[in-house]
Amino acid sequence: MKLPGDAEVQTRRNLQRNVEAVMMKMRAMRKLPRRNEEEQPIRGKEAKPRTVMRTVTREKGRREGREEGRKEGRRRRTVRVRRGTPKERTRGKTRMMTRTRRRRRRKRTTGKNSSDSNSDSDEEESMSEGEMARLMEEVEEKKKLIATIRNKPWRMKRRLSHLKEAQEFVDKFEGALGKGKGRKWYAYKVMMTKKWIKFQRDFENFRTACIPWERKIKEVESHFGSSVASYFIFLRWMYGMNLVLFGFTFGLVVIPEVLMGLPYGSIPRKTVPRAEQATAQDYSVLMDFNGYCKYSVLFYGYYNDQRTIGLLKFRLPLSYLMVGIGTFGYSLMVVIRTMAKNADVGGGDGEEGEFTFAWKMFTSWDYLIGNAETADNKYASITTSFKESIVDEQENQKDENIHLRRFLRLMANVLITCSLGGSGYLIYFVVKRSQEFASRDDLSWYEKNELEIIMSLLGLVCPPLFETIAELEDYHPRIALKWQLGRIFALFLGNLYTFLFALFDEVNTKLEEEQSIKNASIWAMKEYYANYSRLINDTESTPPPMNPADVIRGPCWETAVGIEFVKLTVSDIQVTYLTILIGDFARAVIVRFLNYCWCWDLEAGFPSYGEFDISGNVLGLVFNQGMIWMGAFYAPGLVGINVLRLLSSMYYQCWAVMATNVPHERVFKASKSNNFYMGLLLLILFLSLLPVVYTIMTLPPSFDCGPFSGKVKMFDVIMETIDLDLPAFMGTLFSYAANPGLIIPAVLLMVLAIYYLNAVSEAYKNSNMELKKKMQMARDEEKNRRNNTDSTNQVMKDLEDLLPNRSLAPPAPPEPEPEPKPTKTKPGKGVNLEKDVTLASPNPNVQRPVSRPPGPRGQGPMPGPGAGPGRGRGRGPPPR
């Protein structure tokens with residue numbers, strides 16, 4: 001890159017001064033009348049710049065002389081006025097004011113006449129083509145300098161001075177590039193372009209400022225590295241997705257039911273039974289989500305089965321089902337789109353090029369930082385990035401015993417598999433035990449909440465156990481994190497599905513009881529009507545409706561499943577927050593304040609400050625989101641609880657990690673994309689979809705609660721809408737689309753398309769790898785060629801230094817030179833023998849062939865030329 005030197009800078013400044021002078025002279029020419037034909041350019045021809053400059057300079061001198069004369073006369077008159085009597089002073093001031101008014105009036109008249117004359121001679125007064133081209137070129141250079149000023153390796157003072165100078169030059173002369181009548185339009189376009197650029201910059205700054213928690217995440221990243229920051233970025237993304245799901249659920253299900261549905265207490269499903277009303281508001285009952293919480297919009301059973309509600313004829317059952325399906329559809333679309341976007345960025349596990357430390361050393365700092373706190377954060381971030389790169393280099397150069405390492409890794413996997421199987425059996429045993437507790441009334445607090453406590457304790461104890469066992473494997477920190485995430489994911493997933501299997505066993509039991517309860521409720525209703533008729537002795541009178549609190553209720557298994565998911569989510573929130581408060585904050589307080597009076601160093605030894613558990617927190621988020629996806633269909637209010645949980649977690653965990661944790665001992669870089677997290681989330685999304693689809697397509701809904709009561713299957717609401725609300729041909733189309741003969745070929749076609757696209761992607765990836773290898777080989781060959789050339793040249797120079805006459809090969813004996821023939825050679829294309837063929841002048845020792853054997857040196861000089869000026873030590877040529 002060529003840097004502008006002092007001579008170039010001086011040349012530019014001179015050109016700028018010349019342009020300014022020309023512009024000032026052209027403005028002066030507009031105000032001066034034409035004196036003669038020698039001083040003004042002829043119309044239609046281009047004036048010579050020297051003539052214009054000489055003429056304008058002469059007129060400028062005359063005008064300045066006249067102005068000086070006027071100022072001197074004005075000063076003398078003022079002095080005379082001041083020295084006279086008061087009456088003379090008054091008369092002098094009046095005369096001066098009169099002259100001033102006349103002078104201003106004369107200027108105004110002259111200005112109007114000159115403007116009329118200038119409008120007729122725009123072409124004469126415009127700049128010449130050469131001056132216009134030079135000015136345009138200079139303006140473009142200044143614009144380019146403004147755009148690339150940050151890339152210049154200059155000091156800040158020099159940058160600011162050049163930037164200010166370039167901006168002033170562009171603002172002053174950019175509008176003068178137009179000609180004649182187009183000048184104003186060009187100036188207007190330039191002004192609007194500047195305003196548009198400024199608007200784009202301000203809008204981009206506004207967008208950046210609107211990103212929530214950006215400064216908090218940057219602060220965490222600067223102190224703990226990109227791996228910890230990736231968790232908070234993932235948490236922010238999850239919050240945004242759940243906010244959209246919350247809008248769908250509350251906007252299309254909860255709010256229509258609250259505004260247009262029947263009020264509380266109007267029907268049995270919206271009324272607390274009379275037997276439970278005495279304890280419906282107790283704290284312990286509400287914490288178990290029974291009582292008034294159970295009969296609220298929070299759960300499935302509260303919603304009515306009316307086909308349309310309110311004045312708008314809102315179809316609530318159809319909306320409930322479509323929102324439940326749309327939740328999974330939107331989540332699937334967002335996750336896949338985010339994974340595709342991150343795939344364009346590229347993973348952090350690939351090659352990052354050469355000269356890593358050189359790039360970090362010379363290009364990491366931001367020279368435009370003006371805040372001390374920002375500079376500290378940047379310094380900490382650069383230091384952390386060096387630690388990450390050093391760990392990567394150490395892992396790449398590690399030499400290990402492969403057989404011992406394989407044995408230890410196999411043993412670690414066996415131990416972890418046994419732990420996973422034991423945790424699954426424990427949860428299944430606890431769920432079966434809780435079903436036995438359901439028939440008892442004298443339960444303790446632990447027996448009521450045994451399932452939630454066991455699952456939370458497993459999630460709390462197993463991840464540290466897995467991390468301890470993983471020390472045997474000795475993986476790279478990034479690879480170890482992925483293994484840890486996979487194992488904890490398997491733990492959570494196994495626990496969740498074990499819980500679901502046991503829960504669906506309980507659902508099947510309730511479905512068997514539901515038929516008998518349904519018959520009992522019908523019998524009770526008939527008995528009520530018969531007793532009323534017997535009481536008033538009139539069989540034709542209509543009895544009043546039964547009090548909703550006295551109606552026999554069914555088990556409503558959907559609400560029971562929703563309550564279990566809500567209790568599991570709330571208990572997970574409580575355990576997570578208490579773990580941070582006790583395990584991190586209390587530990588940090590003990591280490592901080594008791595280290596001075598303890599027997600050993602608490603910071604360096606036990607317990608020390610805690611590190612941020614990336615794998616546990618990430619899997620906690622993923623596991624919690626899976627419960628939200630599964631439970632949102634049975635408890636629409638669960639999405640709102642999750643939004644509050646994520647919002648509070650961002651502030652609470654940011655405070656905890658900055659106040660109580662220390663950076664990891666082995667700092668490593670996170671992937672440039674969070675596709676590993678997204679892959680886990682996609683898997684849990686698919687596995688969460690299966691129970692909900694099984695519920696919709698297989699299990700019959702409850703007969704007395706929920707929007708699908710009275711139907712054989714939940715999806716019957718779709719067929720009902722097609723039959724009653726849509727034209728007949730739409731029903732025919734849907735029946736054809738649901739035909740297995742059409743679905744199976746469509747699925748096969750999609751599988752083939754996925755296989756083809758995957759093959760094309762692999763081919764592109766292989767071609768990219770080959771191109772990278774070829775580019776690397778080309779760089780290596782170029783580097784080797786340069787090194788070999790330099791070493792060869794150095795060896796040749798050393799050999800020439802050792803020889804006396806700079807010649808490495810003796811020339812051939814002289815032969816009679818033929819007469820040169822004239823040849824037509826283009827200049828610069830011939831061969832210079834002295835320059836291109838030989839390295840030095842001919843060897844003077846070779847004059848005749850050797851005709852005698854070597855003998856002793858005589859007293860006289862040897863035949864041949866004398867000693868020549870050697871190059872090395874002042875000696876002559878060697879003896880022959």
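A residue counts as buried when its relative accessible area is under 20%, as exposed when that area is over 50%, and as partly exposed in between. The views below come from a predicted model.

**View 1. Phe289, a loop residue with a positive phi.**
Phe289 sits in the loop between α10 (283-287) and α11 (316-345). Its relative accessibility is 12%, so Phe289 counts as buried. The backbone deserves a look too. Phe289 has a positive phi of about 60°, although it is not a glycine.

**View 2. Tyr303, in the loop between α10 and α11.**
Is Tyr303 buried or exposed? Its relative accessibility is 0%, so Tyr303 counts as buried. Leave aside the neighbours within four places in sequence, and Tyr303 still has contacts to show. Val253, Val254 and Glu257 are among them. So are Arg269, Val297, Leu316 and Tyr320. Pro636, Gly706 and Pro707 complete the list. Take Leu316 from that set: 13 residues separate Leu316 from Tyr303 in sequence, and their C-alpha atoms are 8.5 Å apart in space.

**View 3. Ser608, in the loop between α18 and β1 (610-611).**
Ser608 is not a glycine, yet its phi is positive, at about 60°. The relative accessible area of Ser608 is 17%, so this residue is buried.

**View 4. Val589 in helix α18 (residues 557-594).**
How does Val589 rate for accessibility: buried, exposed or partly exposed? At 35% relative accessibility, Val589 counts as partly exposed. This value falls between the cut-offs of 20% and 50%. Now find Thr660. Val589 and Thr660 are 71 residues apart along the chain. Their C-alpha atoms are separated by 8.2 Å.

**View 5. Lys510 in helix α17 (residues 477-536).**
Lys510 has a relative accessible area of 19%, so Lys510 is buried. The cut-off for buried is under 20%. Which residues does Lys510 touch, leaving aside its neighbours within four places in sequence? Lys510 is in contact with Pro555, Trp557 and Ala560.

**View 6. Helix α19 (residues 614-631) beside helix α21 (residues 675-697).**
The two helices pack at an angle of about 30°, and their axes are 9 Å apart. Angles under 35 degrees count as roughly parallel. Therefore α19 and α21 are roughly parallel to each other. The crossing of α19 past α21 is right-handed. On the α19 side, the contact includes Ile614, Val618, Leu619 and Val622. Gln625, Gly626, Trp629 and Met630 also belong to the α19 side. From α21 come Tyr677, Leu680, Leu681 and Ile684, together with Leu685, Ser688, Pro691 and Val692. Sorted by class, the contact of α19 with α21 has 13 nonpolar, three polar and no charged residues.

**View 7. Helix α9 (residues 226-260) beside α19.**
Here α19 appears with another partner, α9. The angle between α9 and α19 is about 10°, with their axes 10 Å apart. That angle makes α9 roughly parallel to α19. On α9, look for Ser227, Val228, Tyr231, Phe234 and Leu235. Met238, Met241, Asn242 and Leu245 of α9 join in as well. They meet Ile614, Asn617, Val618, Leu621, Val622, Gln625, Ile628 and Trp629 in α19. How many charged residues does the contact of α9 with α19 have? There are no charged residues, against 13 nonpolar and four polar.

**View 8. Helix α14 (residues 402-437) against helix α16 (residues 450-469).**
The axes of α14 and α16 come within 10 Å and cross at roughly 175°. That angle makes α14 roughly antiparallel to α16, since the cut-off for this class is over 145 degrees. The α14 side of the contact includes Ala412, Leu415, Ile416, Ser419, Leu420 and Ser423. Leu426, Ile427, Val430, Val431, Arg433 and Phe437 are also on the α14 side. From α16 come Glu450, Leu451, Ile454, Met455, Leu458, Leu465, Phe466 and Ile469. The contact of α14 with α16 divides into 16 nonpolar, two polar and two charged residues.

**View 9. The whole chain, for context.**
The chain has 25 helices and two strands. Of its 880 residues, 33% are buried. Take the contacts between residues at least 6 apart in sequence: 76% of them join residues at least 24 apart. The accessible surface of the chain comes to about 57200 Å². Carbon and sulfur atoms account for 60% of that surface.

Methods
Residues are numbered from 1 along each chain as its sequence is written. This is a predicted model: local features need pLDDT of at least 70, side-chain atom pairs count only at pLDDT 80 or more; totals for chains, interfaces and linings use all residues. Side-chain values use heavy atoms; hydrogens and water are left out. Axes are lines fitted to C-alpha atoms, for helices over the stretch in contact, and angles run from 0 to 180 degrees between N-to-C directions. Helices (H or I, at least four residues) and strands (E, at least two) are DSSP runs, numbered from the N terminus. Angles under 35 degrees count as roughly parallel, over 145 as roughly antiparallel, 65 to 115 as roughly perpendicular and the rest as oblique. A crossing is left-handed if the near helix is turned anticlockwise from the far one by less than a right angle, and right-handed if clockwise. Contact means heavy atoms within 4.5 Å. Ala, Val, Leu, Ile, Met, Phe, Trp, Tyr, Cys and Pro count as nonpolar, Asp, Glu, Lys and Arg as charged, and the others, Gly among them, as polar. Buried means under 20% relative accessible area, exposed over 50%, partly exposed in between (1.4 Å probe, protein chains only). Accessible areas come from the Shrake-Rupley method with a 1.4 Å probe; for residues, only the protein chains shown count as cover.
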